[in-house]
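Grab a pencil and open the structure viewer. We'll work through a few exercises together, one step at a time.

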Amino acid sequence: MSSSSKRSASKPPPVHKLEKYSAKDVEADWYQWWQRRGLFKPKPNMEQFSMLLPPPNVTGVLHIGHALTLSIQDSIARWNRMHGRSVNWVPGTDHAGISTQSVVERMLMRKTNLTRHEVGREYFIEKVWEWKNEHGPKIMMQTRNIGASVDWDQEYFTMDDKHSQVVRDAFIQLFDDGMVYRDTKMVNWSCALQSVISDIEAIVDPPAKGPQKLRVETTRPETMLGDVALAVNSKDPRYKRLHGKQVYHPLLKKNIPIVCDDELVDPEFGTGVVKITPAHDENDYACAQRLNLPVVPIFSLDGTVINAPHFADFIGMTRWETRNKIIKMLKLTEDYKGTRNAKASVINRCSRSGDIIEPMLKPQWYVRCGEMAKRADEMVQNGEISLIPNRQRVIWQNWLSQINDWCVSRQLWWGHRIPLYRVTWADKSREEVWVAAKSEQHAREKALQSLTASDSTVQADNSEISSITQDEDVLDTWFSSGLLPLTVFKSNSAAAAGKPLSTILETGQDILFFWVARMAMLCTYFAKVPPFSTVLLHPMVRDAQGRKMSKSLGNIIDPMDVINGASFGKLMVNLQRGNLSNKELDRSKVELRKLYPTGFQQFGADALRLTLILYTQQTQQINMSLDNIKASYHFCNKLWNTFRFVQMHASERGVQAGDSWSDGIAERLSVFDKALLSRLHHMLAVYQRAMETYRLAVAAEAVRDFVQKDMCDRYIEICKLALFGKQDATGQDPIVCIEVLLRTLEIALRALHPFMPFLTEELWQQQQKLHKSGCDMSIMEKVWEQPGLCGIIKHNPQAEAENKASFLNNAGETDPAVIEKIQAELASIRRVTLSEGYLKKAPEAVKQADK
C-alpha cells in the first residue's frame, strides 16, 4: 500500500455533530470511509463467503426491485463479515441485448429520424457503447447510495473482454461437443423487435373480447391466408361423412382437404373443426408434419404480408390491416357469422416489447438441454444446491423435466456475436459446413482440418475454400449471464477443491428459469461443480394495490427518490423522460397524481432498506407502500433520540460503555433490569437462528421490536423515575440503568447494522468516541462473539456456566407477580412524571426521546 493510501485509510471515522436526525447528513460520508479502509475487499486466510450480484440491465437506472436485491445481499454480506468471514461480493452490469438495443433504437429515431439499418451495424454499436458509458456510472452511484458493500475492483460488464472470451470459448466447446445444432422449427417471432424470443419470454395475455366466430371458429382470421386444411376428430359422428373430402375456402377461393387428427382436435371445443395454418401455429405445424401437409408462410419478419402472387390483395399489409380486410370481405360474401362470448383464449405477447408473438418457421441455433437439465435437477433433489423457499424444488423439477432445447440465436446487433462461420467450398459438389471458431482465420484452419479428416486425398490449402461468412446473429443474453460464475469465480480455491463456485445466489423468483436454471446447467457442464450451494429467492415487488410496477401505470418507485426525496414535479419530469406513447403518458400522469400527490419525503437509505427487508416475509409478492417506509423512518428517528437520551445521562453521571460489565453489577440488578436483559437474550437467540437460515425479515423484526417495545416503550419509561430522582419507586440504581442501556444499545446497534448500516455506524462510532476516546475500527469489523449472548456476561463466567438465570433471571419475564408489578409501575409512570412536572425541567434531548 502506498503512503498516500495508508494516510487515506487511517483517516478517523466521519462522525457528525447533529442535534436532530438527518438521514442525508448521516449517510453522506460513511461509504467512502468503509471503502478507504478496504472493508469491501476479500481477505486471505479466512473462511470464504462468495456471492454474485445479479447484474442490472445497463438500459437505465435501478428500480425498487434492484433496491430489494441490494438490501438483502448487503445484509447477508455485512452479517458474514461480522462473523469473521472473508466476503467476496462481486458487482456488475448486463448488456441486456434486446432491452438496450430497443432503447438506443428509439433514442436514435427520436434524435436523427434514422433506423439502425440506415446508419449501419458499426455506427449503431458505437452508439450503444456511448449509452452504456453514460448510464453505467449512474447505476454505480445508486448502488453506493443504497450502501451495498460490493468489491468494486472486481466489477464486470457482460460485454467486457474477459467475459466475452468465456462466452465465446464456451459456445465453441458446446458446438464441438455436439451440443449445438441448427434446425428449422416453429419459433416465437417478435415483429417489433425483429428477433426470435424464447418460450419463457412470451407472456400470456387474455383478449379483451371473445374470439371471432366463423363457420370454423378462429381467434386469428388474418391467418386464413395460410390455411391448408380443416381438421376434425375421427370419432366425432357429426363429420364422419366428410372424412377425406374437400371443402371450398371462401377467402382463398379454392378447395382444401378435410383431415382427421385426434391429437389436435377436441370434439367438445368450439365447433369441433379446426383450420390448419402450419406456418404460424405450433400445434398446426405439428399436425402438418404428421399428415404431410404443405406449409404456406403469410407474414414476413416485420409482420407484413409477404410478396406472393396468391396474396395479391394483401401484400405489404400489417397483421391488423389484414385481419380487418378479411372480416370485411367475409361480410360481403355473407360468410362471416359474427362473434360469440366463447371461453377466452390466450394470446402470447413479447415480455420485452408488448408486441403480439407471431409463430414462424425459421432456421435457428439450438443448445441440447436434456442431459444438462437432468444434472441440474439432480443437484437440487440430492441437496448439492439448496433452494429457499423449499417449495421451489417441485417447480424446479417440473420445469426442467419438460424443458425443450434452447434456441440461443437472436436477430440483434447488440450482444455476443455467434462465433460460427459458414464455409463454402470451391468444389461445388461439397456440402457447405458450419465451423465454431475464435476468428475467421481460426475458422479457415478448422474447416480445412475437417475436410482432410473426411477425405485424405484432398490437399488442404486455402484454394479449397470459396467463402467464409460469420453468422449475423448474436447469442441470447441469458446464455451470456448464465456463464457469469465461470468468469467471476472459477479461479477460486473452492472450485479447485471440487466445491461450488460460490456460496449463495440471491435473486428474484421471477428469473428462476431465465437465469438460475441456466447457470446450473451451463456452469456444471464446464466446471463440473455447482455454480452455488444455495439459492435464495425473494418475491416480486408490486405497488400497494398489488399491481405490477410499470411506467405506463405511473406507479414506479425510484429508490433514489425515496432516499433523497422528490417533489411531485420531479416525479412528473422523470415520467416524461420515459419512452411512453402520448396515450400511455396521459394515463400515467393521472395515476401518478392519484398515488403520490405530494411526491416523496426524504426517507434515507436505512429506512428504505429496513422496510424492504421486513417486506420479505410476504413470500409471493411485496405490495409496496410508502406508509411502511415512513414507519421505518420514524424508527430511525426514535433510535437516534434514544441514543441521545442515554448518552446525555451517561455523560452527566460519568458512566463509561466498556467492553465488559462493571464489578458487582449482578447483585445490583433490579427486576426491571433483569427483565430487559432476559428479553435481550431471547431476541438474540431468535436473531441468530433467523440470520443463519436467511430469514432476514424475522431477524430484523426481532431487533426492531426489542428496541421499540422492550427497551424504549417499557424499560426507558421505568428508568426515567430512577434517573430523575425517584429510584425508590422502582428500586433501580440509576448508574445500573445507564450501564444496562449502554450495553444493550451497543448490541442492538450491531444487530441492526446489516439492515441499517449508515445510522448504526454513526451511533456506534459516537458511542466509542464518547467513552473510549475514539475507535479505529468499523462496527462491521467488531466480531460477533459466539456462542452465548455476544459477550454480555463475560464478567461472571461461573454464573453463566452454572445457570444463566442467575444473571438473566427469566423469572423477570415469566413470574406473574413480577409481571403484575411491572404493569402497575408502567401504568403509574405517566401519572408520577406528569405530577412532578419533570418534562418542563428536562433538557431538549429528553423531551424528544419522550415524544
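Below are six exercises on this predicted model, each with a worked solution.

**Exercise 1. Work out whether Thr487 is buried or exposed, and find what it touches.**

Step 1: Find the residue. Thr487 sits in helix 15, which covers residues 484-489.

Step 2: Check its surface. The relative accessible area of Thr487 is 8%. The cut-off for buried is under 20%, so Thr487 counts as buried.

Step 3: Look for contacts, skipping neighbours within four places in sequence. Thr487 is in contact with Lys162, His163 and Val166.

**Exercise 2. Find the salt bridge partner of Arg85 and say which parts of the chain the pair ties together.**

Step 1: Start with the total. The whole structure has 35 salt bridges.

Step 2: Pick out the pair. Arg85 forms a salt bridge with Glu47, and their closest N and O atoms are 3.3 Å apart.

Step 3: Place both ends. Arg85 is in the loop between helix 4 (64-81) and strand 2 (86-90), while Glu47 is in the loop between helix 3 (30-36) and strand 1 (48-52). The pair therefore ties together parts that are 38 residues apart in sequence.

Step 4: Check the acidic end. Glu47 has a relative accessible area of 51%, so this residue is exposed.

**Exercise 3. Now try the salt bridge between Lys127 and Glu130: how far apart are the two residues in helix 7?**

Step 1: Get the atom distance. The closest N and O atoms of Lys127 and Glu130 are 3.4 Å apart.

Step 2: Count along the helix. Lys127 and Glu130 are three residues apart in helix 7 (residues 121-146), so about one helical turn separates them.

Step 3: Check the surface. Glu130 is partly exposed, at a relative accessible area of 44%.

Step 4: Look at other salt bridges too. Asp705 forms one with Arg704, with the closest N and O atoms 3.3 Å apart. There is also a network of salt bridges that links Lys41, Asp151 and Asp153.

**Exercise 4. Describe the largest nonpolar core: how many residues does it have, and which helix gives the largest share?**

Step 1: Get the size. The largest nonpolar core has 120 residues.

Step 2: Find the residues with the most contacts inside this core. They are Met624, Tyr687, Val707 and Phe755.

Step 3: Ask which helix gives the largest share. Helix 24 (residues 696-723) does, with 15 residues.

Step 4: Zoom in on Val707. Not counting residues up to four places away in sequence, Val707 touches Phe635, Leu639, Cys712, Ala748 and Leu752.

Step 5: Don't stop at one core. A second, separate core has 58 residues, including Ile385, Trp406, Leu505 and Ala517.

**Exercise 5. Lay out the open sheet of three strands, then follow Ile468 within strand 19.**

Step 1: Write down the strand order. It is 18-17-19, and the pairing is antiparallel.

Step 2: Spot the edges. Strand 18 (433-436) and strand 19 (465-470) each have a single partner strand, so one side of each has no neighbour in the sheet.

Step 3: Note the twist. From one strand to the next, it averages 30°.

Step 4: Look at one pairing. Strand 17 (residues 420-425) and strand 19 run antiparallel and are joined by five bridges. Here Val423 stands opposite Ile468 in strand 19.

Step 5: Follow Ile468. It is buried, with a relative accessible area of 13%. Its C-alpha atom is 6.7 Å from that of Thr424, although Ile468 and Thr424 are 44 residues apart along the chain. Leaving aside neighbours within four places in sequence, the contacts of Ile468 are Tyr421, Arg422, Val423, Glu440, Ala443 and Arg444.

Step 6: Add a helix. Helix 8 (residues 161-176) lies across strand 17 and strand 18, and runs at about 135° to strand 18.

**Exercise 6. Work out how helix 4 and helix 21 pack.**

Step 1: Recall what you need. Two packed helices are described by the angle between their axes and the distance between the axes.

Step 2: Fill in the values. Helix 4 and helix 21 (residues 605-615) pack at about 90°, and their axes are 9 Å apart.

Step 3: Put the angle into words. Helix 4 is roughly perpendicular to helix 21.

Step 4: List some of the residues that make the contact. Among them are Ile64, Ala67 and Leu68 of helix 4, and Leu608 and Arg609 of helix 21.

Notes:
Residues numbered from 1 in each chain as written. Predicted model: local features only at pLDDT ≥ 70, side-chain atom pairs only at ≥ 80, totals over all residues. Heavy atoms only, no water. Helix = DSSP H or I, 4+ residues; strand = E, 2+ residues; numbered from the N terminus. Buried < 20%, exposed > 50% of the residue type's maximum accessible area, 1.4 Å probe, protein only. Contact = heavy atoms within 4.5 Å. Salt bridge = Lys/Arg side-chain N within 4 Å of Asp/Glu carboxyl O. Core = buried A, V, L, I, M, F, W, Y, C linked by side-chain atoms within 4.5 Å. Pairing = 2+ DSSP bridges. Axes fitted to C-alpha atoms, helices over the stretch in contact; angles between N-to-C directions. Parallel < 35°, antiparallel > 145°, perpendicular 65-115°, else oblique.
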